[in-house]
Amino acid sequence: MSKLKHSEQAPHDVGQNKTPCANGTRVKILDDIMEWAQDSSPNAPLGYWMCGMAGTGKSTIAKSLCLMLEKEQLLAGSFFCPHQIQ
């Protein structure tokens with residue numbers, strides 16, 4: 001992994017104006033995803049798919065999750081791809 005090139009523009013915490021969810025919002029979805037992320041059972045799903053129309057808050061939820069996972073030392077990586085990256 002250390003030999004892989006990384007994008008300077010794609011991490012959740014570099015050069016982006018993306019803000020996390022407002023306090024007290026999207027609590028259920030954040031709790032559900034954190035439960036999934038912390039599930040180490042052999043039958044746990046290997047991925048979590050979040051989909052929705054543009055502007056519905058997927059990136060905001062993802063930003064919140066990155067911060068939560070970082071706090072718990074569970075964030076393995078992040079890649080945000082805003083429209084500005086070329």
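Helices (at least four residues) and strands (at least two) are DSSP runs, numbered from the N terminus.

**Figure 1. Overview of the predicted protein chain.** This predicted model contains two helices and zero strands. The protein chain has 86 residues, and 20% of them are buried. About 7,100 Å² of the chain is accessible surface, and carbon and sulfur atoms hold 55% of that area. Among contacts with a separation of 6 or more, 68% join residues 24 or more positions apart.

**Figure 2. The salt bridge between K28 and D32.** Side chains of opposite charge can pair when their charged atoms come close. In this view the N to O distance between K28 and D32 is 3.0 Å, and the count of salt bridges comes to one. Both residues belong to helix 1 (residues 27-37), where they are four residues apart, so about one helical turn separates them. K28 is exposed, because its relative accessible area is 59% and the cut-off for exposed is over 50%. D32, at 28% relative accessibility, is partly exposed.

**Figure 3. The largest nonpolar core.** Seven residues make up this core: C21, L30, I33, M34, I61, L65 and L69. Helix 1 and helix 2 (58-71) are the elements that give two or more residues to the core. In soluble globular proteins, nonpolar side chains tend to be buried together. One core member, L69, is in contact with M34, A37, L74 and L75 when neighbours within four places in sequence are left aside. M34 is thus named both in the core and among the contacts of L69.

**Figure 4. The surroundings of S64 in helix 2.** S64 counts as buried because its relative accessibility is 6%, and buried means under 20%. Not counting residues up to four places away in sequence, S64 touches P20, C21 and L30. C21 and L30 are also listed in the largest nonpolar core.

**Figure 5. Positive phi at R26 and Q73.** Most residues other than glycine have a negative phi. R26 has a positive value, near 55 degrees, and Q73 likewise has a positive phi near 55 degrees. R26 sits in the segment before helix 1, while Q73 sits in the segment after helix 2. At 33% relative accessibility, R26 is partly exposed. Q73 has a relative accessible area of 73% and is therefore exposed.

Key:
Residues numbered from 1 in each chain as written. Predicted model: local features only at pLDDT ≥ 70, side-chain atom pairs only at ≥ 80, totals over all residues. Heavy atoms only, no water. Salt bridge = Lys/Arg side-chain N within 4 Å of Asp/Glu carboxyl O. Buried < 20%, exposed > 50% of the residue type's maximum accessible area, 1.4 Å probe, protein only. Core = buried A, V, L, I, M, F, W, Y, C linked by side-chain atoms within 4.5 Å. Contact = heavy atoms within 4.5 Å. Areas by Shrake-Rupley, 256 points an atom, 1.4 Å probe, with all protein chains shown as cover.
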